[in-house]
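Welcome, and let us take a walk through a protein model together. Please keep the sequence and the 3D view at hand as you read.

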Amino acid sequence: MNRSLHRRTLASTVLLAVTAAVIPAALSPSTAQAAARSAPAALFAPAAALPAPDSARAAALPGPNSARAAASDTRVDVDVRAGLATVGSGALGVNHAIWDSQLGTPAVADLLKDAGVRMLRYPGGSYADIYHWRDHTAPGGYVAPDTDFDTFMAGARRTGAEPMIIANYGTGTAQEAADWVRYANITKGYAARYWTIGNENYGNGHYGSAWEADDHADKSPKEYAATVVAYAQAMKAVDPTIKIGAVLTMPGNWPDAIVGTGDQGSWNQEVLTRAGSVIDFVDVHWYPGGSSAAETLTKSSQIQDAAFLLRRQIDSYAGTNAGRITISMTETNVDVGRNTQPGALFLADVYSGLLAQGVFTVHWWNVHNGLGTVSTVAGQTDYNDFGLLSSGNCNADNTVCQPPLNTPFAPYYALKLMGQFARPGDRFVGAGTDNALIGSHAVRRANGDLAVLLINKDPDAARTVALNYHGFTPAAGAPTVASFVNGADEITTSTAGSALSLPPYSISLVTLRSANPVAAPPTPARPTVTATDRTATISWPSAGGGLKYEVYSQSNGLAAQLGETTSTSLPVRNLEPGKRYTVNVVARDGSGRASAASPPLTFVTGTPADAPCTVKFRDTNDWGNGYVGSIDITNNTASGLTGWTLTFGWPTTWQSLNSGWNATWTADGRTVRVTSDAALAAGGSTNVGFVGNYSGPNVLPEVFTLNGKVCRSE
């Protein structure tokens with residue numbers, strides 16, 4: 001987007017009784033895109049209902065008078081056997097912009113360092129597509145003094161952050177980008193690894209909305225992909241060690257799934273198919289919007305599905321060795337409460353959710369932005385400022401002024417808590433809650449310690465949370481608790497006894513020492529799978545001799561054991577057709593010590609090859625929040641049907657039926673039934689269709705039954 005300084009233009013159970021509260025956060029892109037973009041979705045939940053973990057392995061949080069802990073109204077489970085992604089060296093990021101006069105100053109660099117920022121993006125959003133690094137100009141935009149590339153790099157080094165640089169696609173050339181790589185890494189020795197080609201280039205008018213500069217006569221994803229290939233070749237000829245990123249759109253966000261005039265597929269499909277062999281990562285942005293803070297704070301539930309769909313697109317379209325391609329999220333923010341507590345809660349929840357799903361870096365938009373329309377949010381003055389830090393400016397008649405320059409806003413403190421929570425090398429593990437207003441995330445430290453981040457999204461009421469640990473035993477002694485509450489201007493630290501009170505709209509980080517810090521067996525590598533409709537064989541490399549392996553499936557933050565073996569593979573039966581499963585492998589030695597969980601493997605079971613029916617489902621026309629679905633139904637039996645009922649379920653809660661044809665369509669919650677009195681001959685086929693709505697990542701149905709029998713899906 002084009003953004004100016006002042007505004008964007010377009011077990012043992014009750015361990016800890018916690019009164020927890022967290023706020024809703026609201027995100028959105030520029031005004032031109034707010035209506036067009038939707039949001040991501042929930043991912044990686046195994047399909048089958050799984051048994052509860054072995055309660056004997058849950059451990060109680062130590063603390064005085066724990067037996068008299070306050071009664072809880074919310075349960076949170078943390079399971080270290082449900083392993084997720086490892087925190088990378090540049091996980092916590094933020095955007096810097098050349099129109100920001102404070103870019104690279106010691107005061108700002110030190111504040112970012114204190115917050116744990118380890119990656120900085122330059123030269124700033126849509127300005128990247130008008131910026132020429134050599135003479136430090138941005139025709140049509142404003143460039144502040146002392147914001148050139150060397151000044152940026154000096155600030156980044158003081159912060160201890162590596163750069164994420166955006167090469168100018170819109171008005172630049174491959175040669176200009178290659179010369180920048182030469183200057184940065186050969187002449188200056190900056191060792192800048194990450195280079196994205198352009199910013200939000202799908203916003204160049206090809207799909208109807210134009211906010212991104214693009215001088216190319218051809219605005220199609222085909223042209224963008226061809227140019228990415230040319231840029232990558234020229235830039236890597238200078239420094240083969242750099243990583244090249246291509247711009248994609250987040251699943252569920254405009255223009256995801258839209259096929260433009262003259263295109264063979266969507267933006268993501270075209271770019272990945274044509275440029276997947278030369279890129280190292282894909283770059284997406286997420287402004288999920290929401291008319292209220294409460295609505296926006298629900299959007300984090302969509303992250304798992306969005307990440308799953310994006311990974312599936314990469315694997316499907318990027319060709320051989322697509323698994324090497326990683327994902328960056330270099331812009332996110334909210335619409336309501338941008339610099340008050342909703343923004344803070346959103347930041348903590350979304351950074352955690354994205355990093356847990358393997359996104360290697362997440363960036364807030366941005367360091368400074370400036371005064372917007374002032375309002376009161378959750379009892380606090382909100383300046384409608386996208387920045388982490390105050391710009392210190394006033395409105396036109398000086399009746400309203402921001403706090404002094406560089407005063408941290410609430411999201412800054414959330415980022416600072418993230419710096420304490422998700423450190424490089426930490427491993428996200430499963431965390432789940434039975435209360436939609438409580439967000440929960442957890443990481444396991446390399447030394448075995450555990451950190452749990454709790455977010456109460458209720459702006460009015462405190463919550464009492466019972467924490468339950470699985471596969472982890474805390475050491476004796478009170479845990480450390482760091483908290484940030486609504487209206488505060490600092491993070492407070494204390495120790496927890498039998499109960500920890502978290503006011504409404506607050507974030508709490510609980511850190512526990514492990515009672516078993518002894519050496520454990522090596523962590524198994526990521527498993528692989530061969531699956532049918534109801535069975536799977538999970539395999540993994542040996543982690544050493546004399547070990548037993550336990551295989552777990554994740555569900556809502558908990559791990560259920562599927563089996564154990566001394567071999568390096570395990571057959572699993574009684575799975576559900578067309579369902580998504582995430583599994584981990586844990587190694588255990590002869591002394592009973594358990595390794596950390598392997599990296600997760602997510603897979604989807606198939607449908608029966610010998611089914612009595614076949615369904616071919618297609619999304620034939622998509623407009624970003626709805627689509628036309630076409631279903632071909634074939635009777636594979638030797639007997640005709642005098643009437644039939646086709647049944648399927650929406651994979652997510654944000655999908656619904658609008659209308660249907662060629663049969664009678666009914667919907668009951670997430671279940672859709674299509675009935676007809678017409679005959680369907682042996683070997684015969686028929687077609688039905690519908691209009692579906694969605695407001696998040698559109699995970700298409702995988703499983704269809706005809707008269708109660710599971711069909712083969714094509």
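## A guided tour

Our starting point is threonine 74, which has its place in strand β3 (residues 74–86). Please bear in mind throughout that this is a predicted model. Is threonine 74 buried or exposed? With a relative accessible area of 1%, threonine 74 is buried, because anything under 20% counts as such. Its side chain and that of aspartate 73 are joined by a polar contact of 3.0 Å. Leaving aside residues up to four places away in sequence, threonine 74 touches Thr433, Asp434, Asn435, Ile438, Arg463, Thr464, Val465 and Ala466.

Now turn to the barrel. Eight strands form a closed barrel in the order β4-β5-β6-β7-β8-β9-β10-β11, and their pairing is parallel. On average, neighbouring strands of this sheet are turned by 25 degrees against each other, direction ignored. In general, the strands of a sheet pair through backbone hydrogen bonds, either parallel or antiparallel. For one pair from the barrel, look at strand β9 (residues 281–286) and strand β10 (residues 326–332), which pair in the parallel sense over six bridges. Here phenylalanine 281 stands opposite threonine 326 in β10.

Helices come next. Helix α5 (residues 221–238) lies across three strands, β6 (162–167), β7 (194–197) and β8 (243–247), and runs at about 165 degrees to β8. In helix α6 (residues 267–275), the residues Trp267, Asn268, Glu270, Val271, Leu272 and Ala275 are buried. What do these buried residues of α6 pack against? Their neighbours are α5, β8, β9 and α8.

Helix α8 brings us to the charged side chains. Side chains of opposite charge can pair when their charged atoms come close. How many salt bridges does a search of the whole structure find? The search finds 22. In one of them, the side chains of aspartate 305 and arginine 580 meet at 2.8 Å, N to O. Aspartate 305 lies in helix α8 (residues 303–317) and arginine 580 in strand β27 (residues 580–588), so this salt bridge ties together parts that are 275 residues apart in sequence. Both ends lie inside: aspartate 305 is buried, with a relative accessible area of 5%, and arginine 580 is buried too, with 13%.

Staying on α8, we meet another salt bridge, in which the side chains of aspartate 315 and arginine 311 come together at 3.3 Å, N to O. These two residues both lie in helix α8, four residues apart, which is about one turn of the helix. Aspartate 315 counts as partly exposed at 44% relative accessibility, and arginine 311 counts as partly exposed at 23%.

Elsewhere, a network is formed by Arg134, Asp179 and Arg182, joined by salt bridges that share partners. Within it, the side chains of arginine 134 and aspartate 179 meet in a salt bridge of 3.0 Å, N to O. This pair links distant parts of the chain, 45 residues apart: arginine 134 is in the loop between β5 (119–122) and α3 (149–159), while aspartate 179 is in helix α4 (residues 174–187). Arginine 134 is exposed, with a relative accessible area of 57%.

Next on the tour is strand β16 (residues 450–456). Seven of its seven residues are buried, so the strand is largely enclosed by the rest of the structure. Both faces are covered, with Leu450, Val452, Leu454 and Asn456 buried on one side and Ala451, Leu453 and Ile455 buried on the other. Which strands pair with β16? Strand β15 (residues 438–444) pairs with β16 in the antiparallel sense over seven bridges, and valine 443 stands opposite alanine 451. Five residues lie between the strands in this hairpin, where glycine 448 takes a positive phi near 95 degrees. Strand β21 (residues 506–512) also pairs with β16 in the antiparallel sense over seven bridges, and isoleucine 507 in β21 is the bridge partner of isoleucine 455.

Our last stop offers another pattern. Along strand β26 (residues 569–572) the side chains alternate: Leu570 and Val572 point to one face and are buried, while Ser569 and Pro571 point to the other and are not. Strand β23 (residues 536–539) pairs with β26 in the antiparallel sense over four bridges, and in this pairing alanine 536 stands opposite valine 572.

Technical notes: Residues are numbered from 1 along each chain as its sequence is written. This is a predicted model: local features need pLDDT of at least 70, side-chain atom pairs count only at pLDDT 80 or more; totals for chains, interfaces and linings use all residues. Side-chain values use heavy atoms; hydrogens and water are left out. Two strands pair if DSSP finds at least two bridges between them. Axes are lines fitted to C-alpha atoms, for helices over the stretch in contact, and angles run from 0 to 180 degrees between N-to-C directions. Contact means heavy atoms within 4.5 Å. A salt bridge is a side-chain nitrogen of Lys or Arg within 4 Å of a carboxyl oxygen of Asp or Glu. Buried means under 20% relative accessible area, exposed over 50%, partly exposed in between (1.4 Å probe, protein chains only). A polar contact is a pair of N or O atoms within 3.5 Å; within protein, one must be able to donate a hydrogen and the other to accept it, and residues adjacent in sequence count only if both atoms are side-chain atoms.
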